Amino acid sequence: MSAEASAGSHAADTARSVCPNTEDCPNRGLLGSKYVKLNVGGSLHYTTVQTLSKEESLLRSICNGETDVTIDSEGWVVLDRCGRHFAIVLNFLRDGSIPLPEDHRELDEILKDAQYYQVQGLVQHCLSAMQKQKDVLETVCRIPMITSVKEEQKMIATCRKPVVKLQNNRGNNKYSYTSNSDDNLLKNIELFDKLVLRFNGRVLFVKDVLGDEICCWSFYGEGRKIAEVCCTSIVYATEKKQTKVEFPEARIFEETLNILIYENNRGSGGVHLLDSKGPSVGASEEEGATGGGDRRVRRIHVRRHIMHDERGPGQQTVYKD
């Protein structure tokens with residue numbers, strides 16, 4: 001007898017043992033059978049009673065007769081369920097573990113099947129995989145991009161975290177740039193990215209590419225501006241005005257640390273984590289009162305470097321680095 005004939009004879013014997021009548025019949029328990037044929041939404045599967053009975057589940061209750069199912073004339077146990085992921089359920093019962101897809105939608109479909117068949121081991125496996133995906137997504141830094149003034153005001157007013165905004169608009173310049181301006185502009189952007197990674201989850205970082213400033217840092221706490229660091233200035237060279245972009249790294253980092261006092265609404269009393277006693281080299285500081293006491297904004301502007309101007313002798317002012 002050929003292998004195909006033997007397999008067909010064995011399947012017929014299994015069908016007779018599962019359902020001795022030729023017509024459809026309810027489940028009478030499959031414990032007397034070694035093999036089971038399952039038709040899950042048109043997807044055919046051939047497995048053993050031992051595999052289906054490994055865990056306390058709906059499949060085990062089908063095997064021992066506790067749950068009634070329909071068995072057709074050919075001995076197939078008919079389950080009215082999509083069979084797309086049923087092979088994964090079977091493989092989990094066989095091996096106790098199985099690699100799951102990374103696609104969230106497919107993972108959710110497998111979870112629904114596992115819950116339907118009451119395979120608790122696979123349910124926990126799916127939930128664990130989903131939690132890992134969630135943890136990975138939470139570590140990804142998302143930076144809002146400002147597109148309007150109203151959007152910015154609403155975001156800052158409703159955010160419970162301190163906010164650091166970098167206004168970066170290289171095209172907003174009517175003069176040419178000095179030789180080091182492009183490098184310094186890039187350094188400001190790189191520092192922004194580093195701060196995002198370092199303080200992710202504690203500070204909301206916002207990037208504004210539509211503002212009037214070429215490169216300016218703003219720091220907000222409790223919905224109001226606390227400090228500002230402007231990195232641009234106009235310089236005179238070869239009788240032409242030029243725009244110069246600075247990179248006051250230490251001052252930017254200092255203001256970022258200072259803004260942390262507004263984390264979890266702790267910003268009261270105006271205490272600074274880093275309280276500088278004077279302006280840093282190459283920068284000037286001015287405070288504009290917008291209220292009383294603590295309602296002042298620290299504005300730090302880069303000193304204006306003048307290499308040449310058209311004023312008469314004795315009236316020119318030269319600042320050196």
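User: I'm using buried for under 20% relative accessible area, exposed for over 50% and partly exposed for in between, with a 1.4 Å probe and protein chains only. Which class does Ala87 fall into?

Analyst: Ala87 has a relative accessible area of 34%, so Ala87 is partly exposed. A caution first: this is a predicted model, where local features need pLDDT of at least 70 and side-chain atom pairs count only at pLDDT 80 or more, while totals for chains, interfaces and linings use all residues. Residues are numbered from 1 along each chain as its sequence is written, and side-chain values use heavy atoms, with hydrogens and water left out.

User: Where does Ala87 sit, and how far is Leu44 from Ala87 in space?

Analyst: Ala87 is in helix H4, residues 86–95. Helices (H or I, at least four residues) and strands (E, at least two) are DSSP runs, numbered from the N terminus. From C-alpha to C-alpha, Ala87 and Leu44 are 9.6 Å apart, with their positions 43 residues apart in sequence.

User: How many helices and strands are there? And what share is buried?

Analyst: The chain has nine helices and 15 strands. Of its 321 residues, 41% are buried. Taking contact as heavy atoms within 4.5 Å, 64% of the contacts between residues at least 6 apart in sequence join residues at least 24 apart.

User: Switching to aromatics. How many pairs?

Analyst: Five aromatic pairs. Rings of Phe, Tyr and Trp (its six-membered ring) pair if their centres lie within 6.5 Å; planes under 30 degrees apart are stacked, over 60 edge-to-face, and the rest tilted. Tyr35 and Tyr46 are a stacked pair, because their planes are at 5 degrees, with ring centres 5.7 Å apart. The pair links distant parts of the chain, with Tyr35 in strand S2 (residues 35–40) and Tyr46 in strand S3 (residues 43–48), 11 residues apart.

User: How accessible are Tyr35 and Tyr46?

Analyst: Tyr35 is partly exposed at 23%, and Tyr46 is partly exposed at 39%. Another pair is Tyr116 with Tyr117: the centres are 5.1 Å apart and the planes at 80 degrees, so this one is edge-to-face.

User: Which of those two tyrosines is buried?

Analyst: Tyr117 is buried, at 1% relative accessible area. Tyr116 is partly exposed, at 35%. Ring pairs link Tyr116, Tyr117 and Phe86 into a cluster.

User: What lies over the face of Tyr116?

Analyst: Arg81 does, 4.3 Å from the ring centre. The rule is NZ of Lys or CZ of Arg within 6 Å of the ring centre and within 35 degrees of the ring normal.

User: Which backbone angles are odd?

Analyst: Most residues other than glycine have a negative phi. Gln118 is not a glycine, yet has a positive phi of about 60 degrees. Gln118 is in the loop between helix H5 (104–116) and helix H6 (120–138). Glu222 also has a positive phi, near 55 degrees, and lies in the loop between S10 and strand S11 (224–230).

User: Are they buried or exposed?

Analyst: Neither: Gln118 is partly exposed at 41%, and Glu222 is partly exposed at 41%.

User: Last one. Where is Leu210?

Analyst: Leu210 is in the loop between strand S9 (204–208) and strand S10 (215–221). At 53% relative accessibility, Leu210 is exposed.
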